[in-house]
Amino acid sequence: MGEFELIERFFKRNQAATPAPTAPEAPNSIALGIGDDCALLQPAPGMQLAVSTDLLVEGRHFFADVDPAALGHKALAVNLSDLAAMGAEPLAFTLALALPPERAQDEAWLAALAQGLFALADAHGCALVGGDTTAGPLTLCITVFGQVPAGHALRRDRARAGDDLWVSGTLGDARLALAALRGEIDLPAEALAQACQRLERPTPRLALGTALRGIAHSAIDVSDGLAGDLGHILKASQVGAAIEAVDASKLIASRALLAGAEGPFGLKSLLSFILTGGDDYELAFTAPPAARAAVQAAAQRAATPVTRIGRIEAEPGLRLIDAHGRATPLAARAFDHFA
């Protein structure tokens, strides 16, 4: 099967994705999709274009035997998560795909990859409008385009001293799955399946991101570990932060899963998972204390739980506050793709 047949059979669609409720402008924003040298996008009046690119490489970002439908889902989900962190609505995306020869001829694998990709795209009204394919090590590179009202993007450089620090959903589950898949711990089959769902099929928090516009001061998606990603906000905003260890421990949905794991997992190990684990794709955001009710209302509208885990401080650096009020400095290091 050649390049153009592969595109025609698995990735070219006759119509744009069905618009999602959170992106009513999407169909009118695509002036020209697949079929020419460039796609043409037209954001709605008063909107800014939000653009993000992520690269997934076999052996670096996913295992060789991963479910191709899950791989298709995650390739787009990690990009949509960036839009969520900016409070942007999805419009369209492009896909650059490098395939080893055996994958290029595996029709069942390609069909499953496309199914996982388009199922998530359709759920959020995000149309595939172009891309490229080539032979090479298995690599997926997606560029996603979204729109956000001018001046209302949730930027990293807007956190203020005194802000509450919030996190959506739960953290640590993806790191738990990775530990089990690497043979670092043993998990019962049911617990492993639950953890792998979080690792392989993350949920981009798009509804929450748009609901937080005008409420949150800053936001980032947690892709490379809470401590490291929060460090980007602190650096951009020139502030510090304190994470309350007791509050942060509420974020761990995996406590029940770990009950069946073999190994000495106490609170310290659990906190390590949520602080440095990565691959969670939740939102970390800051908002003034006066907005606590508004944050909870936004979370309820988005059907996404949120937890207040600390505060932004004027003193630079990141600190973990224990149950006795003692502060321990934390290294704000994120996952390094070249390490």
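How many disulfides does the structure hold? The count is 0. Bear in mind throughout that this is a predicted model.

**Cysteines**

Select Cys126 and Cys196. Cys126 is buried, at a relative accessible area of 1%. Cys196 is also classed as buried, with 11% relative accessibility.

**Salt bridges**

Next, display the charged side chains. There are 17 salt bridges in the structure, and the stops below include some that link separate parts of the chain.

Start with Glu107 and Arg9, whose closest N and O atoms are 2.9 Å apart in a salt bridge. Glu107 belongs to helix 5 (residues 107–123) and Arg9 to helix 1 (residues 3–10), with the two positions 98 residues apart in the numbering. Colour by accessibility and Glu107 comes out partly exposed at 39%, while Arg9 is partly exposed at 43%.

Now select Asp279 and Lys74, a salt bridge in which the closest N and O atoms are 3.3 Å apart. Asp279 sits in the loop between helix 12 (267–276) and strand 10 (282–287), and Lys74 sits in helix 3 (residues 68–86), so this pair ties together parts 205 residues apart in sequence. Is Lys74 buried or exposed? Lys74 is buried, with a relative accessible area of 7%. Its partner Asp279 counts as partly exposed at 22%; the cut-off for buried is under 20%.

Move to Arg311 and Glu244, where the side chains form a salt bridge with an N to O distance of 2.9 Å. This one links strand 11 (residues 306–313), which holds Arg311, to strand 9 (residues 240–244), which holds Glu244; the two residues are 67 apart. Both ends have some exposure: Arg311 is partly exposed at 34%, and Glu244 is partly exposed at 23%. Then select Asp173, Arg198, Arg205 and Glu282 together, which are joined into one network by salt bridges with shared partners. Two members of this network come up again below: Asp173 in helix 6 and Glu282 in strand 10.

**Helix 6**

Select residues 173–181. Of the 9 residues in helix 6, 8 are buried, so the helix is largely enclosed by the rest of the structure. The buried set is Asp173, Ala174, Arg175, Leu176, Ala177, Leu178, Ala179 and Ala180. Step just past the helix to Gly183, which has a positive phi of about 80°.

**Strand 10 and its neighbours**

Select residues 282–287. How many of the 6 residues of strand 10 are buried? The count is 6 of the 6, so this strand too is largely enclosed by the rest of the structure. In a regular strand, side chains alternate between the two faces of the sheet. Here one side carries Glu282, Ala284 and Thr286, the other Leu283, Phe285 and Ala287, and both faces are covered.

Add the strands that pair with strand 10. Strand 7 (residues 164–168) runs antiparallel to strand 10 and is joined to it by 4 bridges; Trp166 has Phe285 as its bridge partner. Strand 8 (residues 218–222) also pairs with strand 10 in the antiparallel sense, over 5 bridges. In that pairing, Val222 is matched with Glu282.

**Two positive phi values**

Most residues other than glycine have a negative phi. Select Tyr281 for a departure from this: its phi is near 55°. Tyr281 lies in the loop between helix 12 and strand 10, the loop that also holds Asp279. At 10% relative accessibility, Tyr281 counts as buried.

Then select Gln238, which is not a glycine but has a positive phi of about 60°. Gln238 is in the loop between helix 9 (226–237) and strand 9. In contrast to Tyr281, which is buried, Gln238 is exposed, with a relative accessible area of 70%.

**The second largest pocket**

Finish by showing pockets and picking the second largest, with a volume of about 420 Å³. Its lining has 21 residues; centre the view on Ile7, Ile34, Gly130, Gly131 and Asp132, which lie nearest the pocket centre. Which elements each supply at least two residues of the lining? They are helix 1, strand 4 (89–99) and strand 5 (127–135). Strand 5 gives the most, with 6 residues. Coloured by type, the lining of this pocket splits into 9 nonpolar, 6 polar and 6 charged residues.

Conventions:
Residues are numbered from 1 along each chain as its sequence is written. Side-chain values use heavy atoms; hydrogens and water are left out. A disulfide is a pair of cysteine sulfur atoms within 2.5 Å. Buried means under 20% relative accessible area, exposed over 50%, partly exposed in between (1.4 Å probe, protein chains only). A salt bridge is a side-chain nitrogen of Lys or Arg within 4 Å of a carboxyl oxygen of Asp or Glu. On a 1 Å grid over the protein atoms alone, a cavity is a set of points where a 1.4 Å probe fits but cannot get out, and a pocket is an open set with protein on both sides within 12 Å along at least five of seven lines; lining residues have an atom within 4 Å of a point. Grid points are joined across faces, edges and corners, and a volume is the space filled by probe spheres set on the points. Ala, Val, Leu, Ile, Met, Phe, Trp, Tyr, Cys and Pro count as nonpolar, Asp, Glu, Lys and Arg as charged, and the others, Gly among them, as polar. Two strands pair if DSSP finds at least two bridges between them.
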